[in-house]
Structure formats: C-alpha cells, structure tokens
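Work through the exercises below with the model open beside you. Try each task before reading its solution.

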Amino acid sequence: GLFGRTGGPMVSEAPQTEKLERNPDCNEFVDQLVGLVDQSKGQRGGGGKLGDFMRDRAINNPYRKQMPNGSSNGFNPRLTQYGQDGDVYRHILFVAATYFIPLGGAERELFYRYDEFQKNALNRRESITELADDKAGMKVGGLMRNALNGKMNSGALRDALDSALCTGGRL
C-alpha cells in the first residue's frame, strides 16, 4: 500500500535516495497532500499511518535539491529562497507529520529549535527559509488534521493549502 514504515533517525541533512523523483510543482504537491488525507479517512489508525508515511518520506528525501529552471516551482518564494529550493518538501512533510504521530509536538519543537539555532548562532541565511518552511509545515499539519477529522472537505483543504504554500493560485 501507500503507507509503509522505513524508519531511520532524524538527520539535519536528509540523505538523497538513489532514485530521485521529479519535483512536483506546488499545486501538484498540494494535490498529493490532499490525496494522502483522502486515502487515510476511515482507515483504522489512518492518522498515525499518515504521519509515519510523511515523516519517513521527509527523512528518505526523494526530491531533488535543485528546482526546475532555478525557479520556486510555484511555491511562495519565501519558502524556497536562500538556497532552500527543493528542501521545502522535506521540511513541510516532516513538520506536518508531527500532527499525527505520538510525541510529534516534541519532534516538531526540536526540529524548529535546531533551525532557529542555525539561523541565530551560525548566521545561516538558508535557516531563515527553513524556519518559514517549518511554520508552513505547522499550518499544513493543522489543516490536514482538520480535514482528516471531518472539519473541512477536500476542496476546502486544497484551497487552504494552495493559499498557504503556492503563488498565484491554481495553474
């Protein structure tokens, strides 16, 4: 099935898997997130499986660092600037996953604090964007949890995620 557990430790720089995928544009990424919620509805343990899948995907990082044509690929540029580029996917997936897994809030806080440390203590410009991605992941996780719990339908979730992540609406 779609959900599988691969495990692995949380790492600061996610390793690239051997088989990299094409980076979906922002609207495609949103559609994938909505699809994950739709597939999880009504499944026993659906939220936990969803969280595990998203966390493991972030850790395994199948996305390319370089965005197509050096663009933001439809994401709000504040989520891809300063060299963050394709790492936007793993930040959003990992932080959003913490809304569905046990102890997720502690993992989310640790991840956020690590990026904050790099920004402030190491004066790392990319960490400004990592923090923006982490905040976007918090928004995404909350919206996905609301949809999974029946508080919003798939169309409303898609619109809210597009607004939070993408520039210029639907392509």
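Four exercises follow, each with a worked solution.

This is a predicted model, in which local features need pLDDT of at least 70, side-chain atom pairs count only at pLDDT 80 or more, and totals for chains, interfaces and linings use all residues. Residues are numbered from 1 along each chain as its sequence is written, and side-chain values use heavy atoms, with hydrogens and water left out.

**Exercise 1. The core**

Task: Find which residues touch the most other members of the largest nonpolar core.

Solution:
- Start with the term. A nonpolar core is a set of buried Ala, Val, Leu, Ile, Met, Phe, Trp, Tyr and Cys residues joined through side-chain atoms within 4.5 Å. Buried means under 20% relative accessible area, exposed over 50%, and partly exposed in between (1.4 Å probe, protein chains only).
- The largest core has 39 residues, and Phe 29, Leu 33, Met 54, Met 144, Leu 157 and Leu 165 touch the most other members.
- Next, the helices. At least two core residues come from each of H1 (26–40), H2 (46–60), H3 (87–97), H5 (126–148) and H6 (154–165). H3 gives the largest share, eight residues.
- Helices are DSSP runs of H or I, at least four residues long, numbered from the N terminus.

**Exercise 2. One core residue**

Task: List what Leu 33 contacts, leaving aside neighbours within four places in sequence.

Solution:
- Contact means heavy atoms within 4.5 Å.
- By that rule, and with those neighbours set aside, the partners of Leu 33 are Leu 93, Val 140, Met 144, Leu 161 and Leu 165.

**Exercise 3. Two positive phi angles**

Task: Decide whether Asn 69 is buried or exposed, then do likewise for Asp 85.

Solution:
- Asn 69 sits in the loop between H2 and H3. Its phi is positive, about 55°, although it is not a glycine. Asn 69 counts as exposed because its relative accessible area is 81%.
- Asp 85 is also found in the loop between H2 and H3. Its phi is positive too, about 40°, and Asp 85 is not a glycine either. With a relative accessible area of 17%, Asp 85 is buried.

**Exercise 4. A helix residue**

Task: Locate Asp 159 and give its separation from Asn 27.

Solution:
- Asp 159 belongs to helix H6.
- Its relative accessibility is 53%, so Asp 159 counts as exposed.
- Asp 159 and Asn 27 are 132 residues apart along the chain, yet their C-alpha atoms are separated by 10.0 Å.
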